[in-house]
Amino acid sequence: MMKRVAFVAVAALLGGATSARAEMVDKVAAVVNRDIITLSEVQQRAAPEMSRINAADPGKRAEMRAQLMKTALDTLIGEKLMEAQIAELGISATEGQVDELVNDVRRQNGNMDQAQFEQALAAEGLTLPKYREILRKRILRDQLLRAKVGPKVKVTEEDLKAAYNQYARAEGEDSEVHARHILVSVDPKATEEQVAAARKKAEGIAQEARREGMDFSALARARSEGPSAADGGDLGWFKRGVMVAAFEKVAFNLKEGEVSQPVRTNFGWHVLKVEERRSVAAAPYEEMRPKLEGKLIEQKTEKFLDQYVQELRQKASVDVKM
């Protein structure tokens with residue numbers, strides 16, 4: 001179950017072959033200065049969100065797909081423009097920085113060992129070297145934003161105190177949960193029929209899990225298709241803001257011992273069970289201050305990101321062909 005830094009699903013999608021040639025031809029979606037963005041790149045970037053479209057009306061599905069493709073293309077254009085700036089400014093990332101981010105992702109995903117981590121990457125169509133390259137690009141873009149947008153971002157002591165008060169109120173009202181899950185995996189390129197079949201399978205597992213006397217951990221070891229199966233689907237203790245939104249919403253609305261209906265994420269359908277709940281005491285201000293400052297800087301940086309990309313786009317030659 002991925003958290004915060006989500007894996008990027010990469011599908012091997014190419015343009016259609018012509019009758020005159022046997023080879024596959026990849027269409028050009030846009031040209032950014034002298035760099036080409038192919039249709040397959042746009043499809044790959046949009047694939048995770050495309051897989052979650054479940055509108056019954058064909059017209060609505062087509063409209064949603066078109067919007068996702070446009071959003072994916074705009075994102076890729078922005079990345080191309082920033083990559084040009086990174087090269088021009090000579091910004092670089094060390095192997096140590098990439099290692100640190102990889103380890104952070106592993107920790108946020110239940111302290112996966114190397115084999116589990118590579119298995120989760122493979123489920124998203126990624127190898128470890130490819131994923132490291134994705135993270136390297138993220139680090140480079142973050143450094144660029146700190147250089148270009150950072151000077152505009154100001155966090156005051158007043159901002160920090162307000163953020164801490166909000167955090168303390170939320171912690172006082174909330175709890176953390178210890179949960180387990182059973183995963184019925186769904187390939188990112190699965191058809192609607194395959195997604196529906198996987199959901200039906202997950203519904204059957206949920207019914208089985210609710211039987212009196214059923215050992216959920218044993219059922220997870222036997223039926224789960226996720227990397228935590230060997231541990232009985234154990235996710236450990238977690239607070240809000242750690243798991244992906246759909247998963248978290250269900251987990252924090254379950255009672256102790258209650259089993260959920262299937263929940264959809266990028267990985268497939270999950271059946272959750274909350275084992276225990278406990279109250280959470282708010283950490284002192286001085287302990288939380290660095291985390292809150294980082295979060296506020298990130299939030300304020302995001303506000304200037306779109307503006308910065310638009311400025312780059314106005315100065316560049318961008319020819320959209322899709």
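Reader: What makes strand E5 and strand E6 a pair, and in which sense do they run?

Author: In this predicted model, three bridges join strand E5 (residues 263–265) to E6, and the two run antiparallel. Two strands pair if DSSP finds at least two bridges between them, so the criterion is satisfied here. One of these contacts sets Arg264 against its bridge partner Trp269 in E6, and a hairpin joins E5 to E6 through two residues.

Reader: How do you know that strand E3 pairs with strand E6?

Author: Strand E3 (residues 175–185) and strand E6 (residues 268–279) share eleven bridges in the antiparallel sense; since at least two are needed, they therefore count as paired. Within this pairing, Ser175 stands opposite Ser279 in E6.

Reader: What makes E1 and E2 a pair, and what lies between them?

Author: Strand E1 (residues 28–32) and strand E2 (residues 35–38) pair in the antiparallel sense over four bridges, against a requirement of at least two, and Val31 stands opposite Ile36 in E2. The two strands form a hairpin with two residues between them, and Asn33 in the turn has a positive phi of about 55 degrees.

Reader: Why is Glu302 called partly exposed?

Author: Its relative accessibility is 48%, and because buried means under 20% and exposed over 50%, Glu302 falls in between and counts as partly exposed.

Reader: Which residues gather with Glu302 in a patch of negative charge, and which helix gives the most to it?

Author: Asp142, Glu298, Glu302 and Asp306 gather in this patch on the surface. Helix H10 (residues 285–315) gives the most, with three residues, and Glu302 has its place in that helix.

Key. Residues are numbered from 1 along each chain as its sequence is written. This is a predicted model: local features need pLDDT of at least 70, side-chain atom pairs count only at pLDDT 80 or more; totals for chains, interfaces and linings use all residues. Side-chain values use heavy atoms; hydrogens and water are left out. Patches are made of residues with over 30% relative accessible area and no salt bridge: like charges are joined within 9 Å, nonpolar side chains (Val, Leu, Ile, Met, Phe, Trp, Tyr) within 5 Å. Accessible areas come from the Shrake-Rupley method with a 1.4 Å probe; for residues, only the protein chains shown count as cover. A salt bridge is a side-chain nitrogen of Lys or Arg within 4 Å of a carboxyl oxygen of Asp or Glu. Lys and Arg count as positive and Asp and Glu as negative; His and the chain ends are not counted. The place of a charge is taken as NZ of Lys, CZ of Arg, CG of Asp or CD of Glu. Buried means under 20% relative accessible area, exposed over 50%, partly exposed in between (1.4 Å probe, protein chains only).
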